[in-house]
Amino acid sequence: MLKVENLYVRYGMIEAIKGISFEVRDGEIVTLIGANGAGKTTTMHTISGLIKPASGSILLDGTDITKIPSHKIVSMGLAQVPERRRVFADQTVEENLDLGAFTRKDKDGIKNDMEKVFELFPRLRERRKQLAGTLSGGEQQMLAMGRALMAKPKILLLDEPSMGLSPLLVREIFRIIEDINKQGTTVLLVEQNAKMALAIADRAYVLETGKITLEGTGAELAASEQVRKAYLGG
């Protein structure tokens with residue numbers, strides 16, 4: 001589904017990503033874990049076309065998307081839920097969801113998919129006419145995820161979906177990520193809550209200062225002493 005090969009990203013003289021390679025297979029949940037500043041969000045933005053790499057390639061379903069503009073990447077089946085949600089605060093829940101489908105022309109399909117989003121997130125149905133800026137943090141996260149799903153992605157990129165949420169809401173968000181995956185959407189997850197991320201991941205990679213230092217199944221990395229000490233509190 002997604003293949004990143006020998007990717008380098010620079011900010012001026014600073015090398016943020018240093019030749020990383022990884023893949024996400026169709027139907028998987030794959031997580032990237034790492035400390036703040038490791039390069040996780042930079043990696044996601046580069047895959048989405050928001051940042052142009054210095055070198056390397058990104059393949060989506062076998063097509064090289066490295067130099068394709070971000071809005072065209074969305075229409076090719078890749079959508080990202082950004083860190084800190086970034087909903088359109090002065091638009092209603094329904095309007096935010098409509099904006100998620102901006103690349104689509106199939107009105108009936110859009111209507112059906114909005115209904116699916118409301119089934120996945122019942123609270124959004126209750127608040128469909130409410131301004132997004134008045135929602136709680138957890139509801140805004142649900143809206144950001146629902147908005148991305150309106151693009152009908154084959155692969156969904158989630159950047160720190162649990163950030164700032166209560167433990168109860170974190171569990172709910174992770175359950176919903178599993179539901180989205182079971183319904184057929186491949187997921188690439190960046191998350192500082194390594195314990196929760198590894199628990200739902202088929203495979204995982206550890207990113208440290210722009211390099212991948214470990215990879216394996218979610219269970220293998222959860223059991224790794226190195227990962228436990230660095231990311232799971234011992």
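The following questions and answers go through the sheets, the helices and one arginine of a predicted model.

Visitor: What should I know about numbering and confidence in this model?
Guide: Residues are numbered from 1 along each chain as its sequence is written, and side-chain values use heavy atoms, with hydrogens and water left out. This is a predicted model, where local features need pLDDT of at least 70, totals for chains, interfaces and linings use all residues, and side-chain atom pairs count only at pLDDT 80 or more.

Visitor: Which strands stand at the edges of the six-stranded sheet?
Guide: The sheet is open, with mixed pairing and the strand order 6-7-8-3-9-10 (strands are DSSP runs of E, at least two residues, and helices runs of H or I, at least four, numbered from the N terminus; two strands pair if DSSP finds at least two bridges between them). Each edge strand has a single partner, so one side of each is left without a neighbour in the sheet; these are strand 6 (78-81) and strand 10 (211-217).

Visitor: In the pairing of strand 7 and strand 8, which residue does Leu157 stand opposite?
Guide: Strand 7 (residues 155-159) and strand 8 (residues 186-190) pair in the parallel sense over five bridges. In strand 8, the residue opposite Leu157 is Leu188.

Visitor: At what angle to strand 7 does helix 1 run?
Guide: Seven of the nine residues of helix 1 (residues 40-48) are buried (under 20% relative accessible area; exposed is over 50% and partly exposed in between, with a 1.4 Å probe and protein chains only). Among them are Met44 and Ile47. Helix 1 lies across strand 3 (29-33), strand 6, strand 7, strand 8 and strand 9, and its angle to strand 7 is about 150 degrees (angles run from 0 to 180 degrees between N-to-C directions, with axes fitted to C-alpha atoms, for helices over the stretch in contact).

Visitor: Which residue of Glu28 and Gly216 shares a side-chain polar contact with Arg203?
Guide: Arg203 lies in strand 9 (residues 203-208) and counts as buried because its relative accessibility is 11%. Beyond four places in sequence, its contacts (heavy atoms within 4.5 Å) include Glu23, Arg25, Glu28 and Gly216. A polar contact (N or O atoms within 3.5 Å; within protein, one able to donate a hydrogen and the other to accept it, and residues adjacent in sequence counting only if both atoms are side-chain atoms) of 2.8 Å joins the Arg203 side chain to that of Glu28.

Visitor: How are helix 3 and helix 4 oriented to each other?
Guide: The axes of helix 3 (residues 93-100) and helix 4 (residues 107-120) come within 11 Å and cross at roughly 125 degrees. Glu94, Leu97 and Asp98 in helix 3 meet Ile110, Met114, Val117 and Phe118 in helix 4. Angles under 35 degrees count as roughly parallel, over 145 as roughly antiparallel, 65 to 115 as roughly perpendicular and the rest as oblique. The two helices are therefore oblique.

Visitor: At what angle do helix 3 and helix 6 cross?
Guide: Val93, Asn96, Leu97 and Gly100 in helix 3 meet Leu143, Gly146 and Arg147 in helix 6. The axes of helix 3 and helix 6 (residues 137-149) come within 7 Å, and the crossing angle is roughly 35 degrees.

Visitor: In the four-stranded sheet, what is the bridge partner of Leu60?
Guide: This open sheet has the order 2-1-4-5, with antiparallel pairing. Strand 4 (residues 55-60) pairs with strand 5 over two bridges. The partner of Leu60 in strand 5 is Thr63.
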